[in-house]
Amino acid sequence: MKNRYEALLVLNTQGKDDNLKDIVDRLESEFQKEGAQVEQVQKMDKRQFSYVAGELDSGYFVNFIFHAEPALITKLRTKFKLDPEVYRQHYQRLQEKKEKAPKKKMAEAK
């Protein structure tokens with residue numbers, strides 16, 4: 001059963017700001033190659049870290065919303081851990097989107 005997930009990736013783009021679109025496109029294709037159905041990609045901009053983490057003081061944040069099997073998350077973590085352009089990664093299971101029932105009008109309720 002496929003679940004809906006959100007993946008927040010912090011990218012190490014030092015010296016690669018020109019190639020940012022290529023990096024995001026490559027990561028999206030990696031999700032699809034592994035069997036995930038990407039619903040949305042949110043490019044959230046470059047942000048400063050609240051503290052210096054090693055040699056980096058900032059990173060480019062990208063949020064992926066996708067559908068995948070639960071076992072795929074472990075596979076993606078392992079794959080992106082080896083990717084030098086992915087600095088940090090966080091995955092979270094999301095609730096399925098539910099259709100909202102139409103609101104009743106006051107005249108119909110009486």
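**Salt bridges, helix H2 and the nonpolar core**

At 9% relative accessibility, Arg4 counts as buried, a term that here means under 20% relative accessible area, with exposed meaning over 50% and partly exposed in between (1.4 Å probe, protein chains only). The model is a predicted one, in which local features need pLDDT of at least 70 and side-chain atom pairs count only at pLDDT 80 or more, while totals for chains, interfaces and linings use all residues. Residues are numbered from 1 along each chain as its sequence is written, and side-chain values use heavy atoms, with hydrogens and water left out.

Arg4 makes a good starting point, as it has a charged partner: Glu39 forms a salt bridge with it, and the closest N and O atoms are 2.9 Å apart. A salt bridge is taken as a side-chain nitrogen of Lys or Arg within 4 Å of a carboxyl oxygen of Asp or Glu. Because Glu39 lies in strand S2 (residues 37-53) and Arg4 in strand S1, the pair ties together parts that are 35 residues apart in sequence. Glu39 itself is partly exposed, at a relative accessible area of 34%.

A wider view helps to place this pair. Along the sequence, the protein follows the pattern β-α-β-β-α-β-α, with 3 helices and 4 strands. These elements are DSSP runs numbered from the N terminus, helices being H or I with at least four residues and strands E with at least two. Of the 110 residues, 35% count as buried. The protein exposes about 7,800 Å², of which carbon and sulfur atoms supply 50%; the areas come from the Shrake-Rupley method with a 1.4 Å probe, and for residues only the protein chains shown count as cover. Contacts, defined by heavy atoms within 4.5 Å, often span much of the chain: among those between residues at least 6 apart in sequence, 72% join residues at least 24 apart.

Helix H2 shows clearly how one element is packed. Its 12 residues (70-81) reach 18 Å from the first C-alpha to the last, close to the 16 Å expected at 1.5 Å a residue, where the expected span is 1.5 Å times one less than the number of residues. Leu72, Ile73, Leu76 and Phe80 are its buried residues named here. These four are on the same side of H2 because they cover an arc of only 105° around the axis, the arc being that of the directions from the helix axis to the C-beta atoms. An α-helix has 3.6 residues a turn, so residues three or four places apart point the same way. On the other side of H2, Ala71, Thr74 and Lys81 are exposed. The cover over the buried residues of H2 includes strands S1 (3-11), S3 (56-68) and S4 (86-94), together with helix H1 (20-33).

The largest nonpolar core holds 21 residues, among which Leu9, Leu11, Phe31, Phe64, Phe66 and Tyr91 touch the most other members. Two or more residues come to this core from each of S1, H1, S3, H2 and S4. A core of this kind is a set of buried Ala, Val, Leu, Ile, Met, Phe, Trp, Tyr and Cys residues joined through side-chain atoms within 4.5 Å. In soluble globular proteins, nonpolar side chains tend to be buried together. Tyr91 repays a closer look: leaving aside neighbours within four places in sequence, Tyr91 is in contact with Glu6, Ala7, Leu9, Phe31, Phe66, Ile73, Leu76, Arg77 and Phe80.

Returning to charged pairs, a search of the whole structure finds 8 salt bridges. In one of them, the side chains of Asp83 and Arg26 meet at 2.9 Å, N to O. This pair links distant parts of the chain, with Asp83 in the loop between H2 and S4 and Arg26 in helix H1, 57 residues apart. Asp83 counts as buried at 11% relative accessibility, whereas Arg26 is partly exposed at 29%. Lys75 forms another salt bridge, with Glu34, the closest N and O atoms being 3.2 Å apart. Lys75 lies in helix H2 and Glu34 in the loop between H1 and S2, so parts 41 residues apart in sequence are tied together. Salt bridges that share partners join both residues with Glu30, Lys33 and Lys79 into one network.

Two further residues complete the picture. Thr13, in the loop between S1 and H1, is buried at a relative accessible area of 4% and touches Leu20, Lys46 and Tyr60, not counting residues up to four places away in sequence. Arg88, in strand S4, is partly exposed at 47%. With the same exclusion of residues up to four places away, Arg88 touches Leu8, Leu9 and Val10.
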